[in-house]
Amino acid sequence: MRLLEVSLWVVFSSFLSTSISSHQFATDGTVLELNESNFDAALSTFDYIFVDFYAPWCDYYGPRKADLLVRFLRKFVAPDVAVLSSDSAISDFVEAAGTNFPIFVGFGFNESEISDLAIKYKKKAWFSVAKDFSEDVMVLYDFDKMPALVVLHPGYNEQSIFYGPFEEIGMSFQFRERFCVNRCAKLFPLVVPFVLHCTYQTVSLTYGTGSCFYHAEKFLEDFIKQSLFPLTLPINQETLKLLKDDERKIVLTIMEDETEDRSKQLIKILKAAASANRDLVFGYVGVKQWQDFAESFEVYKKTVLPKMIVWDGNEDYFSVVGSESLTDEDQGSQVTRFLEGYKEGSVIQKQISGPSVMGYINSLIGIRTIYIIVFVVAVLMLIQTINKEEPLKVGTRNQAESGDSSTDKED
């Protein structure tokens, strides 16, 4: 069992520990490699230990799986909504949450106002409410009134703020909440004909003697759902898995190399467009980073990049007439024209030349699965070869014994 001992990893988090022995172990959720010198000490230190056994030739995937296990275990045992009562508590919570999930912090919220949505989206984000905090926190998270819901994406260095509405809205003569003009038409179609003034910031309307009600929780849930991703999402094997549960269309920008300076400038422009069009997901991919995926959208050596399309996440995508590719001059205006053309229906529908989202997700394990299958089949064939024996013919043994007996009698 010597081989097994040097191939052992243990996963544990601070929430599982109850005491610390003389042998010091980190309790910050990191992964520890065990060997003969510390294995017994680890068993005696913690009440619960999750152990991941793996083969020595898989030494990279073992720790990686263990890190993923820690990440999801911490989410699983955490409270649905953390209540933070000081500046330091907010800072500690954000730091402990890490960079793998978006972090929602409600300032001026009651826990009950967000608990249902926190339970619904617990597997995808951290949720908290801050009760007591200083003006320094307001400056740090860039909000100037309450209630405010701040969402952080530490891995992408992004944050967004939602100011409401958080309560049911009743309208009789005037409605002064902030929302975009396009939402005005979508959410209040019966009211739009009576709108006297509709701008990005305010809507003033006359509605006769009637009234119209819209549940503000729908606003809040829409914001949370749309904020589970950063404003612009790099498309890769991991992020593609996240998109399978999102019903929005994907504005996909295909560029030569994501790391180039001009690509980074374009990504900033896409972020601004994404902020004003939250009903769409904005993603980007570099041909250098994922060539096979990019070529599914008719990207060839002579294709002018960057190229923008709108993808439904399955087999269909749309090219906007006159906006197939972007030039280097005034890309902001070009992105605006692309979005206007798409919303006006000036598009050409096409089909991707590769698999859909689920197809790509399934293909990610393809080559590794093939290696495993080949290895297993080879082992089985070897076992069969070793155990293979010459089959006995029916009656052979009896006939041989009978022949021997008759020979003896003749003698």
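Here are a few questions and answers about helix α10 and its neighbour Asn-277 in a predicted model.

Me: How many helices and strands does the protein have?
Reply: Let's start with the whole chain, which has 411 residues, 39% of them counting as buried. Its secondary structure comes to 15 helices and 18 strands.

Me: How far apart are the end C-alpha atoms of α10?
Reply: Helix α10 has 16 residues, and at 1.5 Å a residue it should span 22 Å. The model agrees with that, because the end C-alpha atoms are apart by 24 Å.

Me: Within what arc do the buried residues of α10 fall, seen down its axis?
Reply: The buried residues in α10 are Ser-263, Leu-266, Ile-267, Leu-270, Ala-273 and Ala-274. They line one face of the helix, because seen down the axis they fall within an arc of 120°.

Me: Which exposed residues sit on the face of α10 turned away from its buried side?
Reply: On the buried side, the cover includes β13, β14, β15, β16 and α12. Flip to the face turned away from that side, and the exposed residues there are Asp-261, Lys-268 and Ala-272.

Me: Is Asn-277 buried or exposed?
Reply: Asn-277 lies in the loop between α10 and β15. Leaving out residues up to four places away in sequence, it touches Phe-282, Leu-339 and Lys-343. Its relative accessibility is 9%, and the cut-off is under 20%, so Asn-277 counts as buried.

Conventions:
Residues numbered from 1 in each chain as written. Predicted model: local features only at pLDDT ≥ 70, side-chain atom pairs only at ≥ 80, totals over all residues. Heavy atoms only, no water. Helix = DSSP H or I, 4+ residues; strand = E, 2+ residues; numbered from the N terminus. Buried < 20%, exposed > 50% of the residue type's maximum accessible area, 1.4 Å probe, protein only. Contact = heavy atoms within 4.5 Å. Expected span 1.5 Å × (residues − 1). Arc of directions from axis to C-beta.
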